[in-house]
Amino acid sequence: MANYNKTVLIVDDSEADRMALKSMLGEFKLIEAESGYAAQTVITERRFDLDAIFLDVSMPGLDGFGVLKNMQLKGIHNISVFMVSSEATTENVTKAAKFNVAGFIKKPLEKEDVLSRLKTNLGISG
């Protein structure tokens, strides 16, 4: 198993979904946040250390789009963001595109798809 020197933040209010992503992304340095508010703190504090974020769309309180809006307001554009949702509606996908996200991934997640998208986006071959 390769070990990539890239840091990925997983943001989801569902522990089961965070665990699923952790098992798929075990080759990366992983950080977890269980809410949009927790994610904001991590993103602000580690903005230069994070390479990618897997961001759930639907969360109580501050949802994924709220996190994207706050990143935009703070001028944080250097992190690849993948939106994750079971609600891959045209409206959500279009809204995500306005924030220049790296991708929109529909749940349930497939490991090959998740890894392929992440590695391609981060310039990792193989």
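**View 1. The largest nonpolar core of the predicted model.** This core has 24 residues. The members that touch the most other members are Leu-9, Ile-43, Ile-53, Leu-55, Met-71 and Met-83. Two or more residues come from each of strand E1 (7-11), strand E2 (29-33), helix H2 (36-45), strand E3 (52-56), helix H3 (64-73) and strand E4 (80-85). Helix H3 gives the most, with 4 residues. A second core of 18 residues is separate from this one, and includes Val-8, Leu-21, Met-24 and Val-84.

**View 2. Met-83 and its contacts in the largest nonpolar core.** Residues within four places of Met-83 in sequence are left aside here. Beyond them, Met-83 is in contact with Leu-55, Val-57, Gly-64, Phe-65 and Leu-68. Its contacts further along the chain include Ala-96, Val-101, Gly-103, Phe-104 and Ile-105.

**View 3. Val-81, a residue of strand E4.** Val-81 counts as buried because its relative accessibility is 5%, under the 20% cut-off. Not counting residues up to four places away in sequence, Val-81 touches Ile-53, Leu-55, Leu-68, Met-71, Val-101, Ala-102 and Gly-103. Among these, Ile-53, Leu-55 and Met-71 are also listed with the core members that touch the most others. Met-19 lies 62 residues from Val-81 in sequence, and the C-alpha to C-alpha distance between Met-19 and Val-81 is 18 Å.

**View 4. The largest cavity and its lining.** The model has 1 cavity of 30 Å³ or more. The largest cavity has a volume of about 40 Å³. Its lining consists of Gln-40, Ile-43, Thr-44, Val-67, Asn-70, Met-71, Lys-74 and Ile-76. Helices H2 and H3 each supply at least two of these residues. By type, the lining divides into 4 nonpolar residues, 3 polar and 1 charged. Ile-43 and Met-71, which line the cavity, are also among the largest core's members with the most contacts to other members.

**View 5. Arg-18 in helix H1 (residues 15-24).** Is Arg-18 buried or exposed? Arg-18 counts as buried because its relative accessibility is 10%, again under 20%. The side chain of Arg-18 makes a polar contact of 2.8 Å with the side chain of Glu-32. Leaving aside neighbours within four places in sequence, the residues in contact with Arg-18 are Ile-10, Asp-12, Asp-13, Glu-32, Ala-33 and Glu-34.

Definitions and conventions:
Residues numbered from 1 in each chain as written. Predicted model: local features only at pLDDT ≥ 70, side-chain atom pairs only at ≥ 80, totals over all residues. Heavy atoms only, no water. Core = buried A, V, L, I, M, F, W, Y, C linked by side-chain atoms within 4.5 Å. Buried < 20%, exposed > 50% of the residue type's maximum accessible area, 1.4 Å probe, protein only. Contact = heavy atoms within 4.5 Å. 1 Å grid on protein atoms, 1.4 Å probe; cavity = no way out; pocket = protein on both sides within 12 Å on 5 of 7 lines; lining within 4 Å. Points joined across faces, edges and corners; volume = space filled by probe spheres on them. Nonpolar A, V, L, I, M, F, W, Y, C, P; charged D, E, K, R; others polar. Polar contact = N/O pair within 3.5 Å; in protein donor to acceptor, adjacent residues only side chain to side chain.
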